[in-house]
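I opened this model to look up its fold, its cores and a few single residues. My entries are below.

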Amino acid sequence: MQQPFVRGVTIEAIEGLTCQETAPEPSFWCIQARFAIQIENKTNGMQKYEDRLLVIRAPTEEEAKQKLLPSFEAYAEPYLNSAGLLVRWQFEVFTDSYYLDIQEVDAFLGGQGVEVFSTLNNRRLRTGMNWQPNS
């Protein structure tokens with residue numbers, strides 16, 4: 001009997017049977033990558049950087065990152081800015097990743113929205129931001 005609150009069951013072992021590894025199914029990942037904005041001959045002062053969030057489908061987080069690397073080379077192609085200086089956006093590091101709990105592209109088209117990234121932070125509790133359900 002199917003229960004609406006049960007999404008799946010995992011069996012970790014069955015006595016007398018050996019486990020066969022299966023390739024993971026492709027999933028969607030949101031990968032955060034940092035790019036330094038490099039201007040020719042600029043060696044001091046403040047430097048801008050970009051944190052990009054990219055959605056990609058791959059079986060694992062590591063494979064998702066590897067699939068993105070070739071596009072980062074094209075992203076780093078130098079160009080002339082309005083001041084006539086060469087600029088490039090150089091990949092530095094993957095800063096975070098987030099597994100998206102969806103399996104089909106159609107989930108992006110639904111009216112509910114798809115959470116593609118989330119972080120938890122702390123801040124000082126301000127008046128009006130507290131919750132008192134029993135008052």
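The entries go from the whole chain to the cores and then to single residues.

**Basis.** I am working with a predicted model, in which local features need pLDDT of at least 70 and side-chain atom pairs count only at pLDDT 80 or more, while totals for chains, interfaces and linings use all residues. Residues are numbered from 1 along each chain as its sequence is written, and side-chain values use heavy atoms, with hydrogens and water left out.

**Whole chain.** I looked up the secondary structure and found one helix and four strands. Helices (H or I, at least four residues) and strands (E, at least two) are DSSP runs, numbered from the N terminus. Read from the N terminus, the order is β-β-α-β-β. I then checked the radius of gyration, which is taken over C-alpha atoms and set against a globule rule of 2.2 Å times the number of residues to the power 0.38. The chain comes out at 22 Å, well over the 14 Å that the rule gives for 135 residues, so it is more spread out than a compact globule. The C-alpha trace spans about 70 × 55 × 30 Å along its principal axes.

I noted that 17% of the 135 residues are buried. Buried means under 20% relative accessible area, exposed over 50%, and partly exposed in between (1.4 Å probe, protein chains only). For contacts I used heavy atoms within 4.5 Å. Among contacts between residues at least 6 apart in sequence, 60% join residues at least 24 apart.

I counted charges with Lys and Arg as positive and Asp and Glu as negative, leaving out His and the chain ends. Each charge is placed at NZ of Lys, CZ of Arg, CG of Asp or CD of Glu. The chain has 12 positive and 18 negative side chains, and the centres of the two sets are 13 Å apart.

**Cores.** A nonpolar core here is a set of buried Ala, Val, Leu, Ile, Met, Phe, Trp, Tyr and Cys residues joined through side-chain atoms within 4.5 Å. The largest one has 10 residues: Trp29, Ile31, Ala33, Phe35, Leu54, Ile56, Ala58, Ala64, Leu68 and Phe72. Two or more of its residues come from each of β1 (27-39), β2 (49-58) and α1 (61-75). β1 gives the most, with four residues. I took Ala64 from this core and listed its contacts beyond four places in sequence: Trp29, Ile31, Ile56 and Ala58. I also found a second, separate core of five residues, among them Phe28, Cys30, Leu100 and Phe117.

**Ser27.** This residue lies in strand β1. Is Ser27 buried or exposed? Ser27 is buried, at 7% relative accessibility. Not counting residues up to four places away in sequence, Ser27 touches Ile56, Arg57, Ala58, Pro59, Tyr99 and Gln103.

**Loop between β1 and β2.** I looked at Asn41, which lies in this loop. Its phi is near 65 degrees, a positive value in a residue other than glycine. Asn41 is exposed, with a relative accessible area of 73%. Met46 is also found in the loop between β1 and β2, and it is exposed at 74%. The C-alpha atoms of Met46 and Leu109 are 40 Å apart, with their positions 63 residues apart along the chain.

**Val116.** This residue is in the segment after β4 (86-100). I have it as partly exposed, with a relative accessible area of 28%. Apart from neighbours within four places in sequence, Val116 contacts Cys30, Val55, Tyr98, Leu100 and Phe108.
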